[in-house]
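Here is a walk through one protein chain, from its overall build down to single residues. Please keep the sequence and the 3D view at hand while reading.

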Amino acid sequence: MLKQITVFLENKPGRMEEVTGCLADAGVNLHALSIADTTDFGILRIIVSDPDRAEAALKERGFMVKTADVVAAAMGHRPGGLHHILKGLKALDVSIEYMYALTSRHSDHAAIVILSLANQAASVEKLKAAGFPLLDESFLKQLSES
């Protein structure tokens, strides 16, 4: 599993720039992001090279931050790659709360889907037993080095 950082942002110009500037100043590389909005605020979810450093830097600058474990699964970077993953989740009766994806330059994992799953611990055990290609924090270190 990976640690995801969620940042709650007011819907006003420049807030995303403040987040990316904070991460840049802290020397944290941004690997993936997803942003959703509501009427009053945005929900930014990020996967970064150093979650602990990012969390500390963001909190120091006054951002409301929450961390959570998410699942990262490698998928084929080709037509049907995501469908294959989703078909497997359906077969295992695993429910998705939210997801987003990224591509990478990693030779073995060109595309990755980030998932938050219902009953996450039990769902991860099902995925492992079924042989799903799950990634962990060591994968992020490899991304940062490549």
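The paragraphs below start with the whole chain and then turn to its helices, its loops and a few single residues.

The model is predicted. It holds five helices and seven strands. Along the sequence these elements follow the pattern β-α-β-β-α-β-α-β-β-α-β-α. The radius of gyration is 16 Å, close to the 15 Å that the globule rule gives for 146 residues, so the protein is as compact as a globular protein of that length. Along the principal axes, the C-alpha atoms fill a box of roughly 45 × 35 × 30 Å.

How much of the chain is buried? Of the 146 residues, 42% count as buried. The accessible surface comes to about 8100 Å², and 51% of that surface belongs to carbon and sulfur atoms. Among contacts in the protein with a separation of 6 or more, 68% are between residues 24 or more positions apart. The protein has 15 positive and 18 negative charges, and the mean positions of these two sets are 5 Å apart.

Helix H1 is a place to begin with the elements themselves. This helix spans residues 15-25, and its buried residues are Arg 15, Val 19, Cys 22 and Leu 23. Seen down the axis of H1, the buried residues fall within an arc of 95°, so they line one face of the helix. The spacing behind such a face is general: an α-helix has 3.6 residues a turn, so residues three or four places apart point the same way. On the other side of H1 are the exposed residues Glu 17, Ala 24 and Asp 25. The cover over the buried residues of H1 includes strand S1 (2-10), strand S2 (30-37), strand S3 (41-48) and helix H2 (51-60). Just after H1 comes Gly 27, with a positive phi of about 75°.

Helix H2, one of the elements that cover H1, has buried residues of its own. These are Pro 51, Ala 54, Glu 55, Ala 57 and Leu 58. Just after H2, Gly 62 takes a positive phi of about 90°.

Further along the chain, helix H3 (81-91) and strand S5 are joined by a loop that contains Asp 93. The phi of Asp 93 is near 60°, a positive value in a residue other than glycine. Is Asp 93 buried or exposed? Asp 93 is exposed, with a relative accessible area of 65%.

Strand S5 covers residues 96-103 and includes Met 99. The relative accessible area of Met 99 is 30%. Buried means under 20% and exposed means over 50%, so Met 99 is classed as partly exposed. Which residues does Met 99 touch, not counting those up to four places away in sequence? They are Leu 82, Leu 86, Val 113, Ile 114 and Leu 115. Gly 76 lies 23 residues from Met 99 in sequence, and the two are 16 Å apart in space, C-alpha to C-alpha.

The loop between strand S6 (111-117) and helix H4 holds Asn 119. Asn 119 is not a glycine, yet its phi is positive, about 50°. The residue is exposed, with a relative accessible area of 64%.

Helix H4 comes after that loop. Its buried residues are Gln 120, Ser 123, Val 124 and Leu 127. They cover an arc of only 100° around the axis, which puts them on the same side of H4. The face turned away from this buried side carries Ala 121 and Ala 129, both exposed. What do the buried residues of H4 pack against? They pack against strand S4 (64-75), H3, S6 and strand S7 (134-135).

Ser 123 gives a closer view of the buried side of H4. This residue is found within the span 120-129 of that helix, and at 5% relative accessibility it counts as buried. Leaving out residues up to four places away in sequence, Ser 123 touches Val 94, Leu 117 and Ala 118. Ile 85 is 38 residues from Ser 123 along the chain, and their C-alpha atoms are separated by 14 Å. After H4 comes Gly 131, whose phi is positive, near 85°.

Note on methods
Residues numbered from 1 in each chain as written. Predicted model: local features only at pLDDT ≥ 70, side-chain atom pairs only at ≥ 80, totals over all residues. Heavy atoms only, no water. Helix = DSSP H or I, 4+ residues; strand = E, 2+ residues; numbered from the N terminus. Rg over C-alpha atoms; globule rule 2.2 N^0.38 Å. Buried < 20%, exposed > 50% of the residue type's maximum accessible area, 1.4 Å probe, protein only. Contact = heavy atoms within 4.5 Å. Areas by Shrake-Rupley, 256 points an atom, 1.4 Å probe, with all protein chains shown as cover. Lys, Arg positive; Asp, Glu negative; His and termini not counted. Charge placed at Lys NZ, Arg CZ, Asp CG, Glu CD. Arc of directions from axis to C-beta.
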